[in-house]
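Colleague: I would like to learn how to read the empty spaces in a protein model. Please take me through one case.

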Amino acid sequence: MLKQRNKMAAALRLGTLAGRILANSQASGLSHGVKPLAASRSFHFTIEGRRSDARVKTGDVGMTNYPVVDHTYDAVVVGAGGAGLRAAFGLASEGFKTACITKLFPTRSHTVAAQGGINAALGNMEPDNWRWHMYDTVKGSDWLGDQDAIHYMTEEAPQAVIELENMGMPFSRTEDGKIYQRAFGGQSYDYGKGGQAHRCCCVADRTGHSLLHTLYGQSLRYDTEYFVEYFALDLIMRDGECIGVVAINMEDGTIHRFHAKNTVLATGGYGRAYFSCTSAHTNTGDGTAMTTRAGIANQDMEFVQFHPTGIYGAGCLITEGCRGEGGYLINSEGERFMERYAPTAKDLASRDVVSRSMTIEIREGRGCGPESDHVYLQLHHLPPEQLHARLPGISETAMIFAGVDVTREPIPVLPTVHYNMGGVPTNYKGQVVQHDAEKGDYIVPGLYACGEAASASVHGANRLGANSLLDLVVFGRACAHTIRDENKPGDKILDLPKNAGEESVANLDAVRNANGSIPTADLRLTMQKTMQAHAAVFRTGDVLKEGCDKISDLLNKMDDIKTFDRGIVWNTDLIETLELQNLMLNAAQTMFSAENRKESRGAHAREDFKDRIDEYDYSKKIEGQKMRPVEEHWRKHTLVKMDDGKTVELSYRPVIDETLDEKDCKHVPPAIRSY
């Protein structure tokens, strides 16, 4: 008994959460005879993340007194949403020593909020073919998607969904026990000629919730080491190669340098750059900002998806699955107006088409409510039992945020920022790529990206609903497989530069002690309202130019920021200011990229340049037309850099039109997009 007490006292003297957990588990073991779970598996929820091989230093980075902890891994994954978890346990299952850094507990990641489903050509409702799914995705992207990556994603989709089913994901079922598939926007049979497809596999209207919990549960089978509530600050680069990341432990303020042969960014989007969005407050574009500071260009940042149905006034998401189950939009006259804009697909046209149609209805005076500033989503014609079985979460959300009983009244809705098609450019293997006018595409060694943080580009100028969850699992797994195929556990890593992380800590220290005149929240709100007003559903040159000037001014005002908390333990003021730095970079890249793209394509709708400008005029026969040079058309990816953190530099990269195997799957030639 005395020996056991001495062990507990020693553990408590460590002064770490790990010590307290060990003490508690040993205490419970005394009374229950239970072996602590931590003894059999490397759970890693400690304050300083210290393991036997972690080296602790003080004042090692720059002229600071921040404690620094060094770690070495085969691979480090930043982010623990769907993409990050799939990459992390994919690597751990192959024997790679893997760390997963996340600023949230994994099951709080924003994947949890996805509602509608995950697309795959399973053919459970009618015969289906993944090549039809590919056609729809290319068309949905407005021919800005890379067709090799789209080929890969759609061909892998059925296997990815079956893999999730085998992991225990509780999909909704048909009467004969197959995975239920609902209709979703932009999906068709037989290359657009066979009518509306039922391709979206779902778990009622909580698919993302089930997916995230399934993947997290699966990850606990493997020895992935989680660093929870660690905020990634910057990539560590050496000679053009990524060799890890610098992070701060939010619980105690220690600095951690993760030295790794392979780094996977799965940090999600930057929806919080806008005032009204469906994104969590944590969606601050951390990954795309880290690559920007590392001198790596991001891609297609001007393409921001507005989901047609955010709850009016609240911005909360109402899934496209509502329309997939038979709901429809109406204006103030009770008219199903989508029949005028998309005669075939109607309410299940692609999201950019529906959002623009709703905006036009409101502009032309057919909006609903006292101020005629929204439209209605009608569901009360559907049987209550169908609403209860297939859309239980929506019924609850509508009651809480709009005060609406969906069995009796319509839901007031408005287009709301939902998804970022742009991100860190990658190939279909998940490797981060850059482009040189002479060399063409080249790989950034050691760096990978997946999920919303990446631009593969499977979504191009507009993402189809239910392709995002598919993107997560397919490209999270692709990153793990590429690392497995090209590396071995224990491979030698380039040495850390002596000053690795010095700039990150200097910035953190400056932000923590910032004593300007503008509080973080005030500057953030101004930025969000600027983005909402100047880079909206419809855009014009004058408004975008004014937006560029305003964002540039806000970037300069970051030097006059004021923080109030000078502490280092759970300093949310500090973290929110670091997130604002990230958001500012993303906002500037979005605004400047949008201003420079003189056309309308997908989610980027210019009122002063209403046509899509391709290498040919696809509204006419190509025969006899002269191909426009790349400088004169816009079917190309935007690349954007900000090497000094304030000046935006734009360049362009060709779209990949070839599939992985033209014999197996022919590419989809550009055409006029209509629904």
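Modeller: What follows is a short talk about a pocket and two cavities.

Modeller: This is a predicted model, in which local features need pLDDT of at least 70 and side-chain atom pairs count only at pLDDT 80 or more, while totals for chains, interfaces and linings use all residues. Residues are numbered from 1 along each chain as its sequence is written, and side-chain values use heavy atoms, with hydrogens and water left out.

Colleague: How many cavities of 30 Å³ or more are there?

Modeller: Rolling a probe the size of a water molecule over the atoms shows where empty space is left. On a 1 Å grid over the protein atoms alone, a cavity is a set of points where a 1.4 Å probe fits but cannot get out; a pocket is an open set with protein on both sides within 12 Å along at least five of seven lines; lining residues have an atom within 4 Å of a point. Points are joined across faces, edges and corners, and a volume is the space filled by probe spheres set on them. The count here is 3 cavities.

Colleague: Which residues lie nearest the centre of the largest cavity?

Modeller: Gly451, Ala454, Ser455, Ala456 and Asp471 do, out of 16 lining residues. The largest cavity holds about 80 Å³.

Colleague: What lines the second largest cavity?

Modeller: Its lining is Val304, Phe306, Asp352, Ser355, Arg356, Val537 and Ala603, around about 50 Å³ of space.

Colleague: Which residues are closest to the centre of the second largest pocket?

Modeller: That pocket has a volume of about 930 Å³. Of its 36 lining residues, Asp234, Arg293, Glu503, Ser504 and Asn507 are the closest to the centre.
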